[in-house]
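This report walks through a protein model with a first-year student in mind. Please keep the sequence and the structure in view while reading.

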Amino acid sequence: MQDTRKALIAAALLSALIAFIIYLPALVNGFVLWDDPTYVYENPGIQSFDLAFLKRAFTEVYFSNWHPLTMISYAVDYAIWGLNPLGYHLVNIIIHSVNTAIVAVLSIMLITIARPLSAPAAFAAGFVPALLFGIHPLHVESVAWVSERKDVLCAMFFMVSVIFYLRYAQKNKALCYFLSLVAFALAIMSKSMAVTLPAVLLLLDFYPLKRLSGVKGVLRAIAEKIPFFAISAFAAFMAVYSQATAVATLEAIPLDIRLFSALRSYAFYLEKLFVPLGLAPFYPYPAQIDPLGADYLVTYGVLGGITIICLAAIRYRAFIVSWLYFLGTLLPVIGIVQVGMQSAADRYMYLPSLSLLILLGAGAALIIEKNSKPLLAIFLGFI
């Protein structure tokens with residue numbers, strides 16, 4: 001147990017340090033014209049941190065978004081750094097580095113719940129997904145763009161909420177349940193994309209927690225999520241209210257076109273996760289969509305094939321849970337409710353990439369478990 005804890009600490013700290021070093025060049029970046037003027041350097045609202053500002057942060061919509069915690073973070077930045085972009089970038093990098101460490105912790109927790117691991121395998125289970133999360137090119141937009149503070153903040157509280165929920169499910173401590181709920185509320189106040197968390201917790205109840213045995217177990221799990229779903233409902237209402245003027249109408253983009261585009265976007269994100277080439281700050285919505293075109297036929301084959309494989313291998317629950325997490329957490333931004341004219345955005349993968357990266361961590365842990373590396377064990381011993 002002690003060795004596993006040392007492996008967890010080593011994986012978290014090392015991956016976070018690497019992520020921090022990798023992003024240090026962003027400190028010389030300035031602000032950009034996209035969103036940064038509205039949120040920061042032309043926003044007088046963040047220049048006074050008082051009760052009036054706090055009231056505005058919680059009651060007003062900024063740039064078609066309701067995310068009071070994000071706006072409060074900008075006000076704190078302004079109080080410390082003024083309009084020096086270095087400080088804003090530094091805070092983003094620090095939060096992302098913390099998130100990288102949290103990924104290591106969360107990954108080891110999830111995998112060890114499923115099966116006990118030796119210290120070297122636990123290190124691999126945490127370090128591999130955390131390192132990939134920390135340095136993946138898809139995440140650059142979320143970290144190096146000041147206006148995407150909401151991504152890194154939301155992800156931090158989202159993952160913390162999951163960690164506290166896992167502790168609650170294992171130890172049945174009411175405090176952990178309460179802290180999970182509070183962290184979820186903070187995630188929602190950072191970015192409404194966290195709205196899917198209650199469904200994610202139900203997935204974790206299915207596996208690796210295995211708490212959905214029998215009708216009683218299912219009903220208990222659902223009842224536990226009622227406060228979470230209530231927060232989600234409030235977040236959904238606020239998202240619809242704040243983005244009412246930015247949402248494309250069905251006349252502008254018909255529902256069938258949105259559905260086909262959404263399917264293509266899922267395949268697009270998978271491609272960019274594993275082959276992150278040709279990344280861009282803006283992916284325009286296609287002028288025409290051919291549901292029988294070659295790229296769409298490939299999309300149907302890829303998504304359908306992965307789904308069939310997961311269902312065929314249902315006894316290996318990690319696959320279906322990881323796949324459903326990926327599909328579900330992308331749902332709020334996949335384009336069914338179209339905001340803006342982008343068909344996709346790198347920043348949307350900051351949270352959804354998590355399950356697939358953790359699955360890779362589980363694979364790395366199994367390889368280490370079956371082919372224990374003495375050098376890695378020695379390295380952990382010194383740490």
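## A buried pair of charges

Asp205 has a relative accessibility of 0% and therefore counts as buried, since the cut-off for that word is under 20%. The structure is a predicted model, and this residue is a useful place to begin reading it.

Which residue meets the side chain of Asp205 in a salt bridge? The partner is Lys225, and the bridge between the two side chains has a distance of 2.6 Å from N to O. The pair links distant parts of the chain, with Lys225 in the loop between helix H11 (214-224) and H12, Asp205 in helix H10 (residues 197-206), and their positions 20 residues apart. Lys225 also has a relative accessibility of 0%, so this residue, too, counts as buried.

## A network around Lys225

Lys225 takes part in another salt bridge, in which its side chain meets that of Glu224 at 3.6 Å, again from N to O. Glu224 and Lys225 are both buried. When these contacts are followed further, Asp205, Arg211, Arg220, Glu224 and Lys225 turn out to be linked in a network of salt bridges. A search of the whole structure finds 11 salt bridges.

## A bridge between Arg347 and Glu141

Another of the salt bridges joins the side chains of Arg347 and Glu141, at 3.0 Å from N to O. Arg347 lies in the loop between S2 and helix H16 (354-370), whereas Glu141 lies in helix H7, so the pair ties together parts that are 206 residues apart in sequence. The side chains of Glu141 and Arg347 are also listed as making a polar contact, at 3.0 Å.

Are the two partners buried or exposed? Arg347 counts as buried because its relative accessibility is 14%, and Glu141 counts as buried because its relative accessibility is 12%. Helix H7, which holds Glu141, covers residues 140-144.

## Aromatic rings

A pair of aromatic rings is described by the distance of the centres and the angle of the planes. By the rule used here, the count comes to 19 aromatic pairs. In one of them, the rings of Trp66 and Phe234 have centres 5.5 Å apart and planes at 85°, and the pair is edge-to-face because an angle over 60 degrees is given that name. This pair links distant parts of the chain, as Trp66 is in the loop between helix H3 (51-59) and helix H4 (68-81), while Phe234 is in helix H12 (residues 226-242), 168 residues apart. The partners have their own levels of exposure: Trp66 has a relative accessibility of 9% and so counts as buried, whereas Phe234, at 42%, counts as partly exposed.

The rings of Phe268 and Tyr269 form another pair, with centres 5.6 Å apart and planes at 75°, so this pair is edge-to-face as well. Phe268 counts as buried at 14% relative accessibility, and Tyr269 counts as buried at 1%. Elsewhere, Tyr165, Tyr168, Tyr177, Phe184 and Phe228 form one aromatic cluster. A ring can also have a charged neighbour, and here Arg317 lies over the face of Phe206, at 4.8 Å from the ring centre.

## Positions apart in sequence

Phe268 lies in helix H13 (residues 255-274). The C-alpha atoms of Phe268 and Ala344 are separated by 8.2 Å, although the two residues are 76 residues apart along the chain.

How far apart in space are Thr100 and Ala16, from C-alpha to C-alpha? The distance is 5.3 Å, while in sequence the two residues are 84 residues apart. Thr100 lies in helix H5 (residues 85-114), and its relative accessibility of 0% means that Thr100 counts as buried.

## A nonpolar patch on the surface

The last topic is the surface, where Val32, Leu33, Trp34, Phe282 and Met341 form a nonpolar patch with about 550 Å² of accessible area together. Met341 is found in the loop between helix H15 (317-330) and strand S2 (342-344). With a relative accessible area of 49%, Met341 is described as partly exposed, because the word exposed is kept for values over 50%.

Key: Residues are numbered from 1 along each chain as its sequence is written. This is a predicted model: local features need pLDDT of at least 70, side-chain atom pairs count only at pLDDT 80 or more; totals for chains, interfaces and linings use all residues. Side-chain values use heavy atoms; hydrogens and water are left out. Patches are made of residues with over 30% relative accessible area and no salt bridge: like charges are joined within 9 Å, nonpolar side chains (Val, Leu, Ile, Met, Phe, Trp, Tyr) within 5 Å. Accessible areas come from the Shrake-Rupley method with a 1.4 Å probe; for residues, only the protein chains shown count as cover. A salt bridge is a side-chain nitrogen of Lys or Arg within 4 Å of a carboxyl oxygen of Asp or Glu. Helices (H or I, at least four residues) and strands (E, at least two) are DSSP runs, numbered from the N terminus. Buried means under 20% relative accessible area, exposed over 50%, partly exposed in between (1.4 Å probe, protein chains only). Rings of Phe, Tyr and Trp (its six-membered ring) pair if their centres lie within 6.5 Å; planes under 30 degrees apart count as stacked, over 60 as edge-to-face and the rest as tilted. A charge sits over a ring if NZ of Lys or CZ of Arg is within 6 Å of the ring centre and within 35 degrees of the ring normal. A polar contact is a pair of N or O atoms within 3.5 Å; within protein, one must be able to donate a hydrogen and the other to accept it, and residues adjacent in sequence count only if both atoms are side-chain atoms.
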